[in-house]
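Hi everyone, thanks for making time for this one. I'd like to walk you through a structure and then follow a few side chains through it. Here it is on the screen.

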Amino acid sequence: MKTKPILLAKTGSTGDGRSIDEQMLEQMAIRPQNHVRYPKDWKAISLRIRSLAERHCEGWPDFPDCRAENGKVSPVTGSIILLTFARLDHQPAHCSGDNLYGYCHRCHSTYNATMCRAEIRERAFMDQIKLVLG
């Protein structure tokens, strides 16, 4: 299901009374097959962690000074920042505060890069086995 893009006014408001955080949270679709991996109160957890991060990227070692602000234009990429959450253990159900970090896309992607490369290699290997075994 496609969602409508968020249009941010210069004031940081979207005009319907909800905060930018609430509207952006709706845009972060969790794949249907992954819904069971997330706690039922994920939206509340997400808003709480975003608030603790003061709506700014917490920075990754490659970009320790990154403080990109949720809902604002990134000075690096020019895109709208959507603060997402990285789990140190990569387990969606583990949502304690010490396991979640608020990251912009650049920091989150950098954090996940090693794991993503491993998953891509594993999928490619499995695809080759399927081809051989038919």
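Before I read out the layout, one term: by helices and strands I mean DSSP runs, with helices of at least four residues and strands of at least two, numbered from the N terminus. Also keep in mind that this is a predicted model.

With that in hand, the protein chain has three helices and two strands, and along the sequence they come in the order α-α-β-β-α. Of the 134 residues, 28% are buried. The chain exposes about 9300 Å², and 57% of that comes from carbon and sulfur atoms. For those of you who like contact maps: taking contacts between residues at least 6 apart in sequence, 46% join residues at least 24 apart.

Let's go inside. Nonpolar side chains tend to be buried together in soluble globular proteins. Here, the largest nonpolar core has 12 residues, among them Cys57, Trp60, Cys66, Ile81, Leu83, Tyr103, Cys107 and Tyr111. Take Cys107: leaving out residues up to four places away in sequence, Cys107 touches Cys57, Gly59, Trp60, Phe63 and Cys66. There is also a second, separate core of six residues, which includes Trp42, Ile49, Phe85 and Cys95.

Now the rings. How many aromatic pairs does a search of the whole structure find? The search finds six. One I'd like to show you is Trp60 with Tyr111, an edge-to-face pair at 4.8 Å centre to centre, with 75° between the planes. Why does this pair tie together parts that are 51 residues apart in sequence? Because Trp60 lies in the loop between α2 (42-52) and β1 (84-87), while Tyr111 lies in helix α3 (residues 105-133). Trp60 and Tyr111 are both buried.

Another pair is Tyr101 with Tyr103. Their ring centres are 6.1 Å apart and their planes meet at 15°, so this pair counts as stacked, the cut-off being under 30 degrees. As for burial, Tyr103 is at 2% relative accessibility and therefore counts as buried, whereas Tyr101 is partly exposed, with a relative accessible area of 31%. Put together, ring pairs link Trp60, Tyr101, Tyr103 and Tyr111 into a cluster. And one for the cation-minded among you: the charged end of Arg106 sits over the ring of Phe63, 3.7 Å from the ring centre.

On to the strands. β1 and strand β2 (residues 100-103) run antiparallel and are joined by four bridges. Across that pairing, Thr84 stands opposite Tyr103 in β2. Side chains in a regular strand alternate between the two faces of the sheet. In β1, Thr84 and Ala86 point one way and Phe85 and Arg87 point the other way, and all of them are buried.

Last stop, His56. Where is His56 found? His56 is in the loop between α2 and β1. Is His56 buried or partly exposed? At 25% relative accessibility, His56 counts as partly exposed, because buried means under 20%. Setting aside neighbours within four places in sequence, His56 is in contact with Arg67, Ala68, Glu69, Leu83 and Gly102. His56 and Leu83 are 27 residues apart along the chain, and their C-alpha atoms are separated by 7.3 Å.

That's the tour, so let's open it up for discussion.

Technical notes:
Residues are numbered from 1 along each chain as its sequence is written. This is a predicted model: local features need pLDDT of at least 70, side-chain atom pairs count only at pLDDT 80 or more; totals for chains, interfaces and linings use all residues. Side-chain values use heavy atoms; hydrogens and water are left out. Buried means under 20% relative accessible area, exposed over 50%, partly exposed in between (1.4 Å probe, protein chains only). Contact means heavy atoms within 4.5 Å. Accessible areas come from the Shrake-Rupley method with a 1.4 Å probe; for residues, only the protein chains shown count as cover. A nonpolar core is a set of buried Ala, Val, Leu, Ile, Met, Phe, Trp, Tyr and Cys residues joined through side-chain atoms within 4.5 Å. Rings of Phe, Tyr and Trp (its six-membered ring) pair if their centres lie within 6.5 Å; planes under 30 degrees apart count as stacked, over 60 as edge-to-face and the rest as tilted. A charge sits over a ring if NZ of Lys or CZ of Arg is within 6 Å of the ring centre and within 35 degrees of the ring normal. Two strands pair if DSSP finds at least two bridges between them.
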